[in-house]
Amino acid sequence: MRGHRHRRFNVRQKIQLPVILFLALLSLFMLLYFPARMNDALRDSFRNEVQSLARGVERAMTIALNNADWAAIPKADEYEVSAIALVTAEDGSTFTASPENFVYNSALESVDTLMIAKIPITTEVFSGYVVVVSSTTFINKQVRQLRATVFWAAAITLLLGVLFSMWQASFIVRPLSLLRLAAIKVGHGDLETRVEKSTNDEIGDLAVEFGKMITSVRHAQQSAQEANDELASKNRLLEAERRQLARTLDHLKTTQAQLVQSEKMAALGQLIAGIAHEINTPLGAIRASITNIERALEYTLVHLPALLRILSPED
């Protein structure tokens with residue numbers, strides 16, 4: 001089953017959507033609240049007006065009944081209402097009404113288009129209620145007009161809010177887009193990127209600080225490059241010194257080998273000299289003895305014939 005992918009909103013949408021949503025809710029509130037409040041206010045005001053009118057009708061009706069002046073009984077046309085009636089208290093039947101075809105019914109009190117006021121009346125002739133009925137059509141008409149006005153006002157407000165949110169989003173997103181582009185360039189190694197301050201707010205301050213950061217990074221990179229170059233130079237020097245030391249070591253090893261060989265030859269010479277000395281010492285004695293023997297032999301050989309002549313056979 002493939003996982004759900006979350007929708008990604010950019011900064012412009014995140015700025016516009018809350019504003020549009022708020023204005024839409026505000027428009028809906030205005031469209032529902034103000035006509036309803038006006039309807040309630042008009043009905044309360046009109047109810048009070050009808051109640052006041054009913055009390056006036058009750059006074060006029062009391063005077064007419066007490067004087068038995070039937071012609072003076074209030075008429076609906078005189079008070080600009082839908083109907084005026086006398087209703088008995090016992091069964092709620094209509095005693096008299098204007099217009100004459102009007103019949104009071106308690107169900108009329110729940111009709112939304114009618115406003116009914118009942119005022120108790122007690123005279124020698126009649127005891128019951130004065131009922132004044134007036135139409136609320138004009139209230140409904142005014143409410144519809146207000147609802148239409150609020151609708152257009154809400155639509156215009158919503159449109160202006162959308163345009164304002166688009167302008168505000170562009171005003172905020174443009175510097176952020178420039179910062180994002182600069183960050184991408186810096187991320188690819190372009191430390192020569194310039195970030196200009198385009199607004200005098202926190203985003204502008206952020207651009208300034210971002211520019212300072214780029215400058216610091218550029219200087220740090222230059223310092224690191226110089227340090228690397230210096231380190232490479234030192235490494236080259238160390239390598240040259242290492243090679244020189246290696247050559248010196250090889251020379252020392254060769255010299256040491258030569259010294260060892262020389263010492264060996266010197267020791268061998270001393271050994272040979274000792275041996276020769278030891279050999280020459282008896283050879284000298286032998287050579288001296290041989291010389292003496294040779295001299296004795298020569299002397300003997302020289303004097304031997306004479307000796308032999310001296311010596312006779314008898315001797």
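Colleague: How do the residues lining the second largest pocket divide into nonpolar, polar and charged?

Modeller: Six are nonpolar, none is polar and five are charged. The classes are fixed: Ala, Val, Leu, Ile, Met, Phe, Trp, Tyr, Cys and Pro are nonpolar, Asp, Glu, Lys and Arg are charged, and the others, Gly among them, are polar. This is a predicted model, where local features need pLDDT of at least 70 and side-chain atom pairs count only at pLDDT 80 or more, while totals for chains, interfaces and linings use all residues. Residues are numbered from 1 along each chain as its sequence is written, and side-chain values use heavy atoms, without hydrogens or water.

Colleague: Which residues line this second largest pocket?

Modeller: The lining holds Arg 43, Arg 47, Leu 108, Glu 109, Val 111, Asp 112, Leu 114, Met 115, Ile 116, Ala 117 and Lys 118. Lining residues have an atom within 4 Å of a point of the pocket; on a 1 Å grid over the protein atoms alone, a pocket is an open set with protein on both sides within 12 Å along at least five of seven lines. The volume is about 160 Å³.

Colleague: Which element gives the largest share of that lining?

Modeller: Strand β3, with five residues. The elements giving two or more residues are α1 and β3. Both kinds of element are DSSP runs, numbered from the N terminus: helices are H or I with at least four residues, strands are E with at least two.

Colleague: What makes β1 and β4 a pair?

Modeller: Six bridges join β1 (residues 83–88) to β4 (residues 127–135). Two strands pair if DSSP finds at least two bridges between them, so β1 and β4 qualify. The two run antiparallel. Ile 84 has Val 132 as its bridge partner in β4, and Ala 85 stands opposite Val 131.

Colleague: How many bridges join β3 to β4?

Modeller: Nine, again with the strands antiparallel. Pro 120 stands opposite Tyr 129 in β4. A hairpin of four residues connects β3 to β4.

Colleague: Why are β2 and β3 called edge strands?

Modeller: Start with the sheet. Its four strands lie in the order β2-β1-β4-β3, open and with antiparallel pairing. Strands β2 (94–98) and β3 (114–122) each pair on one side only. Neighbouring strands are turned by 20° against each other on average, direction ignored.

Colleague: Why does Thr 136 count as buried?

Modeller: Because its relative accessibility is 0%, and buried means under 20% relative accessible area, exposed over 50%, partly exposed in between (1.4 Å probe, protein chains only). Thr 136 sits in the loop between β4 and α3 (137–187). Not counting residues up to four places away in sequence, Thr 136 touches Arg 43, Phe 46, Asp 112, Thr 113, Leu 114 and Met 115. Contact here means heavy atoms within 4.5 Å.

Colleague: Is Ser 27 buried or exposed?

Modeller: Ser 27 is buried, because 8% falls under the limit. Ser 27 belongs to helix α1. Beyond four places in sequence, Ser 27 contacts Ala 154 and Leu 158.

Colleague: Why is Ile 20 called partly exposed?

Modeller: Its relative accessible area is 27%, so Ile 20 lies between the two limits. Ile 20 is also in α1 (residues 11–66).

Colleague: Which residues is Ile 20 in contact with, leaving aside neighbours within four places in sequence?

Modeller: Leu 158, Val 162 and Ser 165. The C-alpha atoms of Ile 20 and Gly 161 are separated by 6.6 Å, although the two residues are 141 apart along the chain.

Definitions and conventions. Axes fitted to C-alpha atoms, helices over the stretch in contact; angles between N-to-C directions. 1 Å grid on protein atoms, 1.4 Å probe; cavity = no way out; pocket = protein on both sides within 12 Å on 5 of 7 lines; lining within 4 Å. Points joined across faces, edges and corners; volume = space filled by probe spheres on them.
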